[in-house]
Amino acid sequence: MRVLHEGYGPGAWHGADLKAALADVTAAGAFWRPAQGRHNIAEIALHHAYSAHSVRGRITGGAIEPFILDGDDWFVLSDERVLAWPAILEAVDAEQRVLATLVADVEAGRLESPLPDAERFDLVLGITCHAVYHAGQVQRIKRLSTPYGAPAAEASA
């Protein structure tokens, strides 16, 4: 369980976890694209939510509710017409929360998983590394974008 928190809140020893990295992102910053063909923060966040949802399905071994959008893995989000930034943040948070509860319930024996312990651990470790990796991407995109990368006086010069 602690491993999950290293990647997504309430704070990790290694710097910003994904929750912290997303905390100060505005809607404008979320949909800013660093270059053509590159993912923006909104796409990265929703991709992680989808990945956490998928891990949850693998741990349970059964059908789970559909994801917030039809499709899989990466979703093109150029602006808020498909999904608003607050809804994306809520999806990430909800998927992480439900996954953490599921892992805790399996560990406590309240739920069973068809997977052996080692495979479940690999999935939890994998989604944690996934969150940390994407937290780094989010931090980098924030530094590249004008609202985050330079003080307002420098940006307008």
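Over which residues does pLDDT stay under 50? Select residues 149–157, for which this holds. The structure is a predicted model, and for this stretch it has five contacts beyond four places in sequence. Where pLDDT is low, the predicted coordinates should not be read in detail.

Next, colour the whole chain by pLDDT. The mean is 89, and 90% of the residues reach 70 or more. Among the elements of the chain, helix α8 (residues 152–156) has the lowest mean pLDDT, 44, whereas α4 has the highest, 97.

**First stop: α4 and α5**

Select helix α4, residues 41–60, together with helix α5, residues 85–107. Their axes lie 9 Å apart and form an angle of about 25 degrees. Because angles under 35 degrees count as roughly parallel, α4 is roughly parallel to α5. The crossing of α4 past α5 is left-handed.

Now display the side chains of the contact. On α4, the participants include Ala-45, Leu-46, Ala-49 and Arg-56; on α5, they include Trp-85, Ile-88, Glu-95 and Leu-99. By class, this contact of α4 with α5 comprises 17 nonpolar, four polar and two charged residues.

Remain with α5 and compare its end C-alpha atoms. They are 33 Å apart, which agrees with the 33 Å that 23 residues should span at 1.5 Å a residue. Then move to Gly-109, which follows α5 and has a positive phi, near 85 degrees.

**Second stop: α4 and α6**

Keep α4 selected and add helix α6, residues 117–144. Here the axes are 10 Å apart, and the helices pack at an angle of about 175 degrees. Since angles over 145 degrees count as roughly antiparallel, α4 and α6 are roughly antiparallel to each other.

Which residues make this contact? Among them are Ile-44, His-47, Ser-51 and Arg-58 of α4, and Leu-123, Ile-127, His-130 and Gln-137 of α6. The contact of α4 with α6 has 11 nonpolar, six polar and four charged residues.

Conventions. Residues numbered from 1 in each chain as written. Predicted model: local features only at pLDDT ≥ 70, side-chain atom pairs only at ≥ 80, totals over all residues. Heavy atoms only, no water. Axes fitted to C-alpha atoms, helices over the stretch in contact; angles between N-to-C directions. Helix = DSSP H or I, 4+ residues; strand = E, 2+ residues; numbered from the N terminus. Parallel < 35°, antiparallel > 145°, perpendicular 65-115°, else oblique. Left-handed = near helix turned anticlockwise from the far one by under 90°. Contact = heavy atoms within 4.5 Å. Nonpolar A, V, L, I, M, F, W, Y, C, P; charged D, E, K, R; others polar. Expected span 1.5 Å × (residues − 1). pLDDT = per-residue confidence, 0-100.
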